[in-house]
Every structure is written in C-alpha cells, then in structure tokens.
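Here is a friendly tour of one protein model, with its fold, charged pairs and aromatic rings in turn. Please keep the structure open beside the text as you read.

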Amino acid sequence: MKKIVAFAACALLCAGTAFSQNYTHAIGIRAGGSNGAITYKQHLKAGNAFEGMLWLGWEGSFSVAGLYEWTQPVINNDFNLYYGVGGHLGAASKKFAIGVDAIVGLEYKIPNAPIAFSLDYKPSINFVDINAWGLWDLALGIKFTF
C-alpha cells in the first residue's frame, strides 16, 4: 500500500511539473561545431519554445535559423531535454543557402540565478548548396534568462 501511495504522489507531482519552464525568455551565445551564434529563445506555452540563431562570419557571410522546440524536464525542473525542427537561410561568397535543421540538447538552468547552460547537437541539410551537409554541429551554449 505504501508503494501505491508513493507512486500516486510522484505521478501527481510529475504531472503538475512535467512541462514547466524556469524562464520565459533567454538570450546568449552558442559556440562550437562549425560556427558560433547569438541565440534568442522564447517559451511559447508549456513544453514549447521558439529559438532563433544568428551567425555572422567573415566578409559579410551570415546565416539565420529558426527552430520550433519541445521541452521536457529530465531529473528535475532545472534540467530540460529539448528537441525540435526548423529552417535556415544564409549567404557566403555570393552563394546562398536554404535548408532544414534539427536540434536535440540538454539545458541546465541554475536555480535562483538568471543563467542557463546547454549542450546540443544541430544537424542541417542545405537545399541550395554552400556546404550540402552540416552534420557535425555539436555546441555549448550560455544564456541570460528573464
């Protein structure tokens, strides 16, 4: 009986916090993989977020990406798994890139501090060729949350 009560209490507790976030907005940097980016993330509703990324490179090259993400707590509400899909466009050396992106990562929000750290993997495929595949984009991120 004690096990049933403990399980029910845990299930109710988890159901109430399963899709909670510790912040609404975040701005920061993402570095590693093939490049670095300035990022902005906004949680839209419980368990969903939008993340935009901007890369500025040498000699006027740039890329922008938009990702729709789903989030869920792992371990507790300070660790969140996120995954999503989106697209990007960019330009370099008079060539253009348009493609699709995916992302999967783990984020840790420091309790009682406006800082979050992340580690993610973001592969991409270009339909218009600059580099047709961006499969090795593993990066660390740090964000200021508000």
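Helices (H or I, at least four residues) and strands (E, at least two) are taken here as DSSP runs, numbered from the N terminus. With that in hand, the protein reads α-β-β-β-β-β-β-β-β-β-β along its sequence, which comes to 1 helix and 10 strands.

A word on the ground rules. This is a predicted model, in which local features need pLDDT of at least 70 and side-chain atom pairs count only at pLDDT 80 or more, while totals for chains, interfaces and linings use all residues. Residues are numbered from 1 along each chain as its sequence is written, and side-chain values use heavy atoms, with hydrogens and water left out.

**The overall picture**

Accessible areas come from the Shrake-Rupley method with a 1.4 Å probe, and for residues only the protein chains shown count as cover. The protein exposes about 8,800 Å², and carbon and sulfur atoms supply 73% of that area. A residue is called buried under 20% relative accessible area, exposed over 50%, and partly exposed in between (1.4 Å probe, protein chains only). By this measure, 32% of the 146 residues are buried. Taking a contact as heavy atoms within 4.5 Å, 43% of the contacts between residues at least 6 apart in sequence join residues at least 24 apart.

**Salt bridges**

How many salt bridges does a search of the whole structure find? There are 6, where a salt bridge is a side-chain nitrogen of Lys or Arg within 4 Å of a carboxyl oxygen of Asp or Glu. Three of the pairs are set out below.

| Pair | Closest N to O distance |
|---|---|
| Lys41 and Glu69 | 3.2 Å |
| Glu51 and Lys143 | 3.9 Å |
| Asp101 and Lys122 | 2.7 Å |

Let us begin with Lys41 and Glu69, whose closest N and O atoms are 3.2 Å apart. Lys41 belongs to strand 2 (residues 37-45) and Glu69 to strand 4 (residues 62-74), so this salt bridge ties together parts that are 28 residues apart in sequence. Lys41 is buried at 1% relative accessibility, and Glu69 is buried at 0%. Lys41 has another partner to look for: its charged end sits over the ring of Tyr82, 4.1 Å from the ring centre. For such a placement, NZ of Lys or CZ of Arg must be within 6 Å of the ring centre and within 35 degrees of the ring normal.

Next come Glu51 and Lys143, with their closest N and O atoms 3.9 Å apart. Because Glu51 lies in strand 3 (residues 48-56) and Lys143 in strand 10 (residues 138-145), the pair joins parts that are 92 residues apart in sequence. Glu51 is buried, with a relative accessible area of 2%, and Lys143 is buried at 4%.

The side chains of Asp101 and Lys122 meet at 2.7 Å, N to O. Asp101 sits in strand 6 (residues 95-109), whereas Lys122 is in the loop between strand 7 (115-121) and strand 8 (124-128), 21 residues apart. Both Asp101 and Lys122 are buried. Elsewhere, salt bridges link Arg30, Asp120 and Asp137 in a network.

**Aromatic rings**

A pair of aromatic rings is described by the distance of the centres and the angle of the planes. Rings of Phe, Tyr and Trp (its six-membered ring) pair if their centres lie within 6.5 Å; planes under 30 degrees apart count as stacked, over 60 as edge-to-face and the rest as tilted. The count by this rule is 4 aromatic pairs. In one of them, the rings of Tyr68 and Trp70 have centres 5.0 Å apart and planes at 80°, so they meet edge-to-face. Tyr68 is partly exposed at 31% relative accessibility, and Trp70 is partly exposed at 34%. Phe144 and Phe146 form a stacked pair, 6.0 Å centre to centre with 25° between the planes. Phe144 is partly exposed at 42%, as is Phe146 at 48%. Tyr68 and Trp70 also join Tyr83 in one aromatic cluster.

**Two loop residues with positive phi**

Most residues other than glycine have a negative phi. Ile75, though not a glycine, has a positive phi of about 70°. Ile75 lies in the loop between strand 4 and strand 5 (76-92) and is exposed, with a relative accessible area of 76%. Asn112 has a positive phi near 60°. Asn112 is placed in the loop between strand 6 and strand 7, and is exposed at 84%.
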